[in-house]
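User: I would like the side-chain contacts in this model explained. Please set each label against its cut-off.

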Amino acid sequence: TKYYVAVSYSKPKKKKQGWIKGDMERTRRSMWKLTKSMKDPAITRFYTAGLGGLYPNRDNKKDQEEEEGCRFAKTLIVFQPHTGRTHQLRVAAKSIGLPILGDPYYATSTIKGESNAKRTNGNERTFLHAAALHMNLNGKDISIWSPPSFFQKGESPSENDAEEEGGGMIISSLGFHRIVVDTMKKYCDNKFILDLIE
């Protein structure tokens with residue numbers, strides 16, 4: 001059992017949780033896309049949680065955000081892949097309208113000619129993290145929990161910590177960690193991983 005955590009600058013348009021299934025095929029630009037055919041499908045379960053309340057210094061005016069062209073982290077996505085394909089989670093996220101923040105390939109812009117730095121909001125990393133793993137090896141259960149450190153400062157974030165990421169992203173690191181933990185506890189179906197989550 002594997003769980004990945006990602007952050008998107010979009011909000012869910014249709015489903016907030018569910019399955020993403022379909023065959024994956026190459027595009028002309030050597031990227032991947034999800035198709036409706038189901039011959040050998042990539043299968044991913046996903047869950048989302050909103051991040052809107054984590055911006056203490058942000059004015060929530062939609063016009064202002066569009067005017068400035070800033071992309072704020074709006075949605076936490078927890079993925080549970082049931083198959084393992086190249087770029088599976090990144091393609092799955094794009095297919096449901098939740099491109100992963102910082103993804104230089106699949107977080108494409110609707111603005112023609114926008115640079116890669118603008119598409120990724122100036123971030124040097126893709127906000128996708130392998131958070132939990134459970135396996136049975138030689139009859140022994142092995143579980144790993146590694147919470148993402150996307151927005152944390154130091155080892156012990158305090159409630160007053162806020163970190164600025166590319167594009168003026170200001171977010172409470174403790175608040176983000178709390179949402180990750182709560183979302184994992186709500187949707188994780190593996191008791192070994194649940195025992196590790198704090």
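The turns below deal with the contacts of this predicted model.

User: What makes the pair of tyrosine 47 and tyrosine 187 stacked?
Analyst: The angle between the planes is 15 degrees. Stacked requires planes under 30 degrees apart, so the label holds. The centres are 4.2 Å apart, and rings pair within 6.5 Å. A search of the whole structure finds one aromatic pair.

User: Why are tyrosine 47 and tyrosine 187 called buried?
Analyst: Buried means under 20% relative accessible area. Tyrosine 47 has 6%, so it is buried. Tyrosine 187 has 18%, so it is buried too.

User: What makes lysine 33 and glutamate 25 a salt bridge?
Analyst: Their N to O distance is 3.7 Å. The cut-off is within 4 Å, so the contact counts. Lysine 33 has a relative accessible area of 39% and glutamate 25 has 38%. Partly exposed lies between 20% and 50%, so both residues fit that label.

User: How do you know that aspartate 103 and arginine 90 meet in a salt bridge?
Analyst: N to O is 2.8 Å, and the limit is 4 Å. Aspartate 103 sits in the loop between α2 and α3, arginine 90 in helix α2. Both residues are buried.

User: Why are aspartate 182 and arginine 178 separated by about one helical turn?
Analyst: Because they are four residues apart in helix α4. Their side chains form a salt bridge at 3.2 Å, N to O.

Methods: Residues numbered from 1 in each chain as written. Predicted model: local features only at pLDDT ≥ 70, side-chain atom pairs only at ≥ 80, totals over all residues. Heavy atoms only, no water. Phe/Tyr/Trp six-rings, centres within 6.5 Å; stacked < 30°, edge-to-face > 60°. Buried < 20%, exposed > 50% of the residue type's maximum accessible area, 1.4 Å probe, protein only. Helix = DSSP H or I, 4+ residues; strand = E, 2+ residues; numbered from the N terminus.
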